[in-house]
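Here are my notes on the model, set out as numbered points. Please read them with the structure open.

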Amino acid sequence: MPTPSLASLPIRRLTLRDLTACADLSEDRGWPREEHKWGFLLTAGKGYGIDDPDGGLVSACVVTEYGPQERPARAAIGMVLVAERHTRQGVGRRLMRHVVSAMGTTPLTLHATPNGRPLYEELGFKVIGRAEMVCGRFTPGGTQPAVTTRAATAEDLAAILRLDEQAFGTDRTHIVTRLPAFADQLRVAEEDGRIIGYAAAWPNMDTHVVGPLIARDTSVAQALIASLAAHTDRPLRTDIDVRHTELLAWVKEHGLASVAFNSVMSYGITELPGDWSRRFAPVTVAAG
């Protein structure tokens with residue numbers, strides 16, 4: 001039988017049963033397998049993919065929705081991948097058009113690499129910001145922020161959810177409630193018994209990714225990063241909104257180095273809701 005053309009291969013929803021195929025696709029493109037992250041995204045969001053008749057996946061991506069389930073207020077697109085042998089054949093464009101159409105009027109966001117940005121611009125996405133990825137072993141020293149931090153407890157959940165929605169601008173209960181199982185650390189900063197910030201550190205290959213990082217101000221964000229670093233022997237990695245210049249300078253003074261820049265892009269909205277000044281880093285750029 002002749003091999004079906006890429007344009008005729010159906011796009012379907014992915015499930016946790018596709019986790020290994022998704023990780024294989026990442027590896028095929030020279031990315032880490034990131035099975036832990038794939039598992040989180042496939043359960044918290046919606047995966048879309050195209051099966052390869054020869055086995056595995058031709059392409060995949062994940063959409064994470066926020067707000068009311070019946071009428072999402074916003075959705076983030078991430079992990080857009082096309083197998084190396086099928087690149088430059090319009091597969092990524094076809095998958096993205098399908099997802100944009102499936103999401104209807106829901107505003108969309110994504111973090112684009114320099115290589116991916118032209119495709120997203122072609123589809124109507126606009127650049128609305130930038131994030132800088134930094135990575136390295138955190139070295140304590142100097143004047144430490146005078147902010148109290150501790151491990152989060154179940155009793156903190158309601159306060160964390162309120163703080164998160166104020167900063168993010170949309171309800172993220174289905175993300176935040178998964179953090180205790182997904183992350184190795186979940187810590188809060190408090191003042192006079194009131195939670196003023198929270199952050200998680202989750203395992204990704206040989207690093208701990210700091211995200212989400214929500215804080216009242218830069219000093220609280222610094223205290224949370226320092227406290228997470230004090231409880232791990234792995235290098236830290238995180239993606240910080242470039243408008244937070246003070247925090248970026250501080251993490252670089254403490255051992256982290258710039259790795260890459262991504263463009264924050266949107267479709268259907270001109271700026272992200274919420275309070276950017278308290279939103280320092282996403283749980284992962286794939287989930288917005």
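1. I begin with strand β5 (residues 108-112), where five of the five residues are buried, so the strand is largely enclosed by the rest of the structure. Leu108, Leu110 and Ala112 point one way from β5, while Thr109 and His111 point the other way. Both sets are buried. Please keep in mind throughout that this is a predicted model.

2. Which strands pair with β5, and in what sense? Strand β4 (residues 74-82) pairs with β5 in the parallel sense, over three bridges. Within this pairing, leucine 110 of β5 is the bridge partner of isoleucine 77. The connection from β4 to β5 passes through helix α3 (residues 91-102), and this β-α-β crossover is right-handed. Strand β12 (residues 257-267) pairs with β5 in the antiparallel sense, over five bridges. In that pairing, tyrosine 267 of β12 stands opposite leucine 108.

3. Asparagine 262 also belongs to strand β12. Is asparagine 262 buried or exposed? Its relative accessibility is 12%, and under 20% counts as buried, so asparagine 262 is classed as buried. Not counting residues up to four places away in sequence, asparagine 262 touches His111 and Ala112, and also Thr113, Gly129, Arg130, Ala131 and Asp239. As noted above, His111 and Ala112 point opposite ways from β5.

4. Towards the N terminus, strand β1 (residues 11-14) and strand β2 (residues 46-51) run antiparallel and are joined by four bridges. Here isoleucine 11 stands opposite isoleucine 50 of β2. β2 also runs antiparallel to strand β3 (residues 57-66), with six bridges between them. In this second pairing, tyrosine 48 faces cysteine 61 of β3. β2 and β3 form a hairpin with five residues between the strands, and in this hairpin glycine 55 has a positive phi near 110°.

5. Helix α1 (residues 19-28) has Leu19, Cys22, Ala23, Leu25 and Ser26 as its buried residues. Viewed down the axis of α1, these residues fall within an arc of 155°, so they line one face of the helix. An α-helix has 3.6 residues a turn, so residues three or four places apart point the same way. The cover over the buried residues of α1 includes β1, α2, β3 and β4. After α1 comes glycine 30, with a positive phi near 85°.

6. How many disulfides does the structure hold? A search of the whole structure finds zero. Cysteine 22 is buried, at 0% relative accessibility. The closest cysteine sulfur to that of cysteine 22 belongs to cysteine 61, at 9.7 Å, which is too far for a bond. Cysteine 135, in contrast to buried cysteine 22, is partly exposed, with a relative accessibility of 24%.

7. The largest nonpolar core has 37 residues, and the members touching the most others are Trp38, Leu41, Leu42, Leu179, Tyr198 and Val283. Helix α2 (residues 35-44) supplies the largest share of this core, five residues. Another core lies apart from it, with 27 residues, including Ala189, Ala215, Ala229 and Leu247. As for leucine 41, its contacts are Lys46, Val62, Thr64, Met79, Thr284, Ala286 and Ala287, not counting residues up to four places away in sequence.

8. Valine 209 sits in strand β10 (residues 207-215). Its relative accessible area is 4%, and valine 209 is buried. Valine 209 touches Ala200, Ala201, Trp202, Asn204, Arg237 and Val283, leaving out residues up to four places away in sequence. Leucine 236 is 27 residues from valine 209 in sequence, and their C-alpha atoms are 5.8 Å apart.

9. Last, a loop position. Threonine 153 lies between β7 (148-151) and α5 (157-168). With a relative accessibility of 39%, threonine 153 is partly exposed. Threonine 153 and valine 283 are 130 residues apart along the chain, and their C-alpha atoms are separated by 19 Å.

Technical notes:
Residues are numbered from 1 along each chain as its sequence is written. This is a predicted model: local features need pLDDT of at least 70, side-chain atom pairs count only at pLDDT 80 or more; totals for chains, interfaces and linings use all residues. Side-chain values use heavy atoms; hydrogens and water are left out. A nonpolar core is a set of buried Ala, Val, Leu, Ile, Met, Phe, Trp, Tyr and Cys residues joined through side-chain atoms within 4.5 Å. Buried means under 20% relative accessible area, exposed over 50%, partly exposed in between (1.4 Å probe, protein chains only). Helices (H or I, at least four residues) and strands (E, at least two) are DSSP runs, numbered from the N terminus. Contact means heavy atoms within 4.5 Å. Two strands pair if DSSP finds at least two bridges between them. A crossover is right-handed if, with the strands pointing away from the viewer, the path from the first strand over the helix to the second runs clockwise. The arc is that of the directions from the helix axis to the C-beta atoms. A disulfide is a pair of cysteine sulfur atoms within 2.5 Å.
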